[in-house]
Amino acid sequence: MGIFDALTTAVSGLSAQSFALQNISGNIANSQTTAYKGISTKFEDLIGANLPAQQISGPVLASSTPTNNVQGDIQNAKTSTFMAINGNGFFQVEQPTSFSGNQPVFGGTNLFTRRGDFQLDQNGFLVNGAGFYLMGLPINPATGNPAGSIPTTLQFNNNLIPAVATTQIQYNANLPSQPVTANTQTGVAGSNLLDPATFAANPLVGANQSATVTGTTANLQPDAEALGTGTVTGLTGATTLTSLGFVLGDTISVSDGVHAATTFTLGAGNNSITNLMTTLSGGTANVAASLNSSGALQLLSTDGTDLDTLTVSSNNAAGLGNIGFGSGNTIFQPTNLLTQAAVSSGQTLIATIGPSTTTITFGTGVGQVATLAALNTQLKAVAGANAALSGVVGNGNIKLVAASTTDNIAITGTFTPTTFGLTTLQAFPANGTVFGIDQTQFLNESVSGGSITAYDGTGTPVNMQFRWAKIDSANLGAGHTDKWNLFYNVNSNATNTQSAWVNVGQNFTFNASGQLTPPLSTLTLNNVNVNGQSLGNLALIFGTGGLTQFSNTNGTVQVNQLTQNGSAAGQLQSIAVDNQGRIVGTFSNGQTVPLAQITLANFNGPNNLEQLDGGAYEATADSGPPLQNATGQIVGSALEASNVDIADQFSLLIVTQQAYSANTRIITTTNTMVQDLLNVIR
């Protein structure tokens, strides 16, 4: 019955090639399906039980061979939630069994897929194009680690992260070796430094200091007695007055304005310059007469008060001119506050230190002040003043220091403060702060150090502003170093004695190489409060070499890093897949936070998985259970293409067509042979 066996075998061949054609057709149809795994066809011959010498080829059986372990190409995608697996492994997914109140209900059956075109649905689930819901491990926001080990269906809906208070500020900067402030004067050494004498309260680093008012720009002449010098030189003690145009009986008088004038009368034996000097020096007026090195006659007041004015007169004007005291050179005033117009008689200086007020009146009356010496004495005697530190300094600069570290100083009156170098008339105990009244001065003597938004415990934003002030410079010579102070703003609307800026309490000293000496990596700011918002204690982290001092032609601070670790509360805005296989959320506060870890499953027999619609698979006994040992890497914003090779499928199509045609020829031939046999019988 070999003819009929041949017919049966040919029919099996037709069936097998039809099966192969069906797989080829499906592969070509799904060549653009995301993560589709092509199905190959394998053929198995069926041999009947015969002796070896009598064995014949039998029918053929076709079966499928999956290619689940063959990866397709990874292609970039614009959707941030799309993902692909580079390597082995499968996404773990679930499919809803029903919906309740528009919410999916899952039956607890885990499925697996390579299809990664996941997008958020209206309920916050990540669903791929075939309707499968992604599973993974939620991440604990406090630890940053996955919560648990059993994957669950991931949902991201109205995620809110709480506010995080700022506790650290990372700060790296280069300070200019020569800062350019608003007060900097080209070519004037030290004009770019902060001068604490121009502040109502010394803002520099140091222990609390008493309130101090110090003048810095006075340019007064020192006290001096009246001195009259004749314009005629070459005189000697033996020079006779008659030789200078005087005649016997002429008189020369000198008055000090206080006592009776001293009068010299020319006589026969009283005719020399020596006779004149002796009479004038020994008379009732406080005056001493002498010849200077040029032979000019000098008259010096000897009252010791720097107040007397000397006046020279004579009944012989011509002769008086011949000894150097002609018209315009007969009245000589002392040098004091009144004569150099520093003050006017009757003007006052009123100093209030703490609860006490002292009034100093300028003039020549009893108890009044006309000289720098008298002013110095009066300042030391001001109620509440530190006598040892107060007084007149340098060329008439007034200095008042409170004896108590708790007293304030206020200066008023009708005098002109700038005459005595005063630019500020109020002073307060120094505590490392810049008051509102000093804010303009401070801004003019410092440079910006950058600003950053920090957050308190409720997520309220707080603007932290920094400024640097250089307080000493090595360019000033021996004994000086490059030293800075750092301040931060605490009240942007400060006025009067309200604190506007606070010193961080640290001197920053740099060596000749521009390195901070000694090194400082961290500085704690205690009880920071900015514009009424409390930030508590903040750590300024400079790190190693984070602060330097190198030349900068702009004279500004170059901030290289200024970051902080706090944030406001945030609402989830979008999600994406990172290169660590995590779902990360971008929140309204600008924070990017890991939300879930995508888990990949692997199988010992991946080609034995049961294929379902939509590119999903279900575990079978032959595939083995899912294992959590997949080594594949998740690639975000990418998709895996089908692994079908169109050219290969067309080649298989040709072969299948030829094989199918050949089997039809077998059937035709067998039919002819059967007809021939029937014809023999007939």
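G391 is in contact (heavy atoms within 4.5 Å) with N376, L379, K380, N397, I398 and K399, leaving aside neighbours within four places in sequence. The residue sits in strand β25 (residues 391–393). Strands (E, at least two residues) and helices (H or I, at least four) are DSSP runs, numbered from the N terminus. G391 counts as buried because its relative accessibility is 2%. Buried means under 20% relative accessible area, exposed over 50%, and partly exposed in between, with a 1.4 Å probe and protein chains only. G391 and L241 are 150 residues apart in sequence; C-alpha to C-alpha, they are 48 Å apart in space.

This is a predicted model: local features need pLDDT of at least 70, side-chain atom pairs count only at pLDDT 80 or more, and totals for chains, interfaces and linings use all residues. Residues are numbered from 1 along each chain as its sequence is written, and side-chain values use heavy atoms, with hydrogens and water left out.

**The five-stranded sheet**

Five strands form an open sheet, paired antiparallel, in the order β29-β33-β32-β31-β30. The edges are β29 (433–435) and β30 (447–455), each of which pairs on one side only. On average, neighbouring strands of this sheet are turned by 30° against each other, direction ignored. Axes here are lines fitted to C-alpha atoms, for helices over the stretch in contact, and angles run from 0 to 180 degrees between N-to-C directions. Two strands pair if DSSP finds at least two bridges between them. Strands of a sheet pair through backbone hydrogen bonds, either parallel or antiparallel.

At one edge, three bridges join β29 to strand β33 (residues 499–510), and the two run antiparallel. V434 has W501 in β33 as its bridge partner. At the other edge, β30 pairs with strand β31 (residues 461–472) over seven bridges, also in the antiparallel sense. There, S451 has Q465 in β31 as its bridge partner. β30 and β31 form a hairpin with five residues between them. G459 in the turn has a positive phi of about 85°.

**Backbone exceptions**

Two residues other than glycine have positive phi.

| Residue | Phi | Place | Relative accessible area |
|---|---|---|---|
| A35 | about 60° | loop between α1 and β1 | 6%, buried |
| N531 | near 50° | loop between β34 and β35 (533–541) | 41%, partly exposed |

The peptide bond from T517 to P518 is cis, with omega near -5°. P518 lies in the loop between β33 and β34 (522–530).

**The N-terminal part**

N23 lies in helix α1 (residues 2–29). At 11% relative accessibility, N23 is therefore classed as buried. Not counting residues up to four places away in sequence, N23 touches I39, S40, T41 and S64.

I47 belongs to the loop between β1 (39–45) and β2 (60–66). I47 counts as partly exposed, at 45% relative accessibility. The C-alpha atoms of I47 and G58 are separated by 5.1 Å, and the two residues are eleven apart along the chain.

**A nonpolar patch**

L677, L678 and I681 make a nonpolar surface patch of about 300 Å². L677 is in helix α6 (residues 646–681). Patches are made of residues with over 30% relative accessible area and no salt bridge; like charges are joined within 9 Å, nonpolar side chains (Val, Leu, Ile, Met, Phe, Trp, Tyr) within 5 Å. A salt bridge is a side-chain nitrogen of Lys or Arg within 4 Å of a carboxyl oxygen of Asp or Glu. Accessible areas come from the Shrake-Rupley method with a 1.4 Å probe; for residues, only the protein chains shown count as cover.
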